Amino acid sequence: MKSKTFAITCGDINGIGPEIAIRTINYFSKKKFRFVLFIPKNVFIEIQKLVPLNFTYQIISNVSDAFIINKKVNVIDIGDVKLTKGKPTKDSGEMSVKAIREAYQFCKVGICDAMITAPISKTAWEYAGIKHPGQTELLGKLDNNTPMMMFLSDIFNCALFTIHEPIKNVAKLLTKKSLETFIRNLINNTKDYLGVKKPKIALLALNPHAGEDGRIGSEEFEIIKPIINRIPQLNIFGPFVPDAFFATNSFKNYDVVLGIYHDQILIPFKMLAFNKGVNFTAGLEIIRVSPDHGTAFDIAWNGKADSESMINSVLWAEEIVENYHRRK
């Protein structure tokens with residue numbers, strides 16, 4: 001397969017995004033990847049004072065010229081902006097969104113094979129009037145598809161039935177139809193993107209103690225168990241009591257663990273794989289991977305940022321692209 005070209009966004013320019021982006025490109029300087037970095041020109045120049053470059057590059061200020069990306073690293077200048085290091089601002093919110101939108105288009109038209117997004121600040125997005133709760137939802141809107149949030153690592157893989165939903169809304173969203181549709185999509189995504197021929201899926205319970213036969217909640221026997229029993233050919237098991245499931249390392253027996261709500265699955269994932277795992281947005285027409293951490297404003301622009309998750313995002317993107325094209 002031809003050498004991969006990856007789009008990388010700057011994330012929130014006042015956070016660790018620019019630093020981990022440059023450190024990641026430096027890391028792969030001897031590999032045959034090409035990178036298209038979306039970042040304000042003045043931020044790109046400023047970050048070099050903190051992280052010296054070990055690659056050659058060209059800066060492209062006119063996006064229409066970007067179809068000619070003949071350097072290992074092509075820097076798309078998305079416009080100069082005021083830096084306020086370590087704090088979310090309206091400007092940083094606007095620039096992070098602009099980087100995502102342009103990187104998405106580069107993937108959509110086939111210039112880039114996948115996009116790697118650095119962390120954004122939801123506070124900065126609020127300052128900028130961005131109505132989407134996160135990058136996943138924004139990409140779903142751009143792509144006109146319903147995205148699936150998955151987290152991948154060499155320890156375990158997981159998926160979220162609901163993403164950035166308040167706890168009070170979760171039970172309302174859990175229906176037989178929505179759960180079965182999600183499971184079928186998860187099976188297909190695991191086959192297409194992860195290359196697993198017959199995925200084995202663990203489904204966590206919603207209520208404590210898996211509802212205790214209706215004593216602590218009815219969702220397990222009214223919704224979850226009937227769906228598992230109705231589609232046994234899809235290799236779905238559960239509903240598992242989450243605390244015991246992780247305490248006994250049962251997650252090691254499954255290709256993907258499906259959590260019903262955000263923290264239920266991401267607390268154990270980040271405890272076990274923080275800075276090693278990545279966030280993968282499945283179900284789009286493009287491939288997007290990102291680190292599993294945030295903007296880290298408290299250590300931004302002081303040279304302490306860990307780029308391991310960003311580096312792993314590139315490696316996972318490479319594997320996902322190959323699996324996807326092999327399936328298609």
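This tour moves through a predicted model, stopping at one helix and then at several salt bridges.

**Helix H8**

Begin by selecting residues 219–230, which make up helix H8, and display the C-alpha atoms at its two ends: they lie 16 Å apart, in agreement with the 16 Å that twelve residues should span at 1.5 Å a residue. Now show the side chains of Glu219, Glu220, Ile223, Ile224, Ile227 and Ile228, which are the buried residues of H8. If you turn the view to look down the axis of H8, these buried residues fall within an arc of 120 degrees, so they line one face of the helix. The spacing can be understood from helix geometry, since an α-helix has 3.6 residues a turn, so residues three or four places apart point the same way.

What do the buried residues of H8 pack against? Add helix H6 (167–173) and helix H7 (176–194) to the selection, together with strand S8 (201–204) and strand S9 (236–240), and you have the elements against which those residues pack.

**Salt bridges**

The whole structure holds ten salt bridges, and the stops that follow visit some of them.

Go next to helix H1 (residues 17–27) and select Glu19 and Arg23, which both lie in this helix, four residues apart, or about one turn. Their side chains meet in a salt bridge, with 2.9 Å from N to O. The two partners can be coloured by accessibility: Glu19 counts as buried at 1% relative accessibility, whereas Arg23, with a relative accessible area of 26%, is partly exposed.

From there, select Glu46 and Lys49, which form a salt bridge whose closest N and O atoms are 3.0 Å apart. Lys49 is exposed, with a relative accessible area of 66%, while Glu46 is partly exposed, its relative accessible area being 22%. Adding Lys85 to the selection completes a network of salt bridges that links Glu46, Lys49 and Lys85.

For the last stop, select Lys276 and Glu308, whose side chains meet in a salt bridge at 3.3 Å from N to O. Lys276 lies in the loop between helix H10 (262–273) and strand S11 (278–282), and Glu308 lies in helix H11 (residues 308–327), so the pair ties together parts that are 32 residues apart in sequence. Are these partners buried or exposed? Lys276 counts as partly exposed at 40% relative accessibility, and Glu308 is partly exposed as well, with a relative accessible area of 28%.

Terms used:
Residues numbered from 1 in each chain as written. Predicted model: local features only at pLDDT ≥ 70, side-chain atom pairs only at ≥ 80, totals over all residues. Heavy atoms only, no water. Expected span 1.5 Å × (residues − 1). Buried < 20%, exposed > 50% of the residue type's maximum accessible area, 1.4 Å probe, protein only. Arc of directions from axis to C-beta. Contact = heavy atoms within 4.5 Å. Salt bridge = Lys/Arg side-chain N within 4 Å of Asp/Glu carboxyl O.
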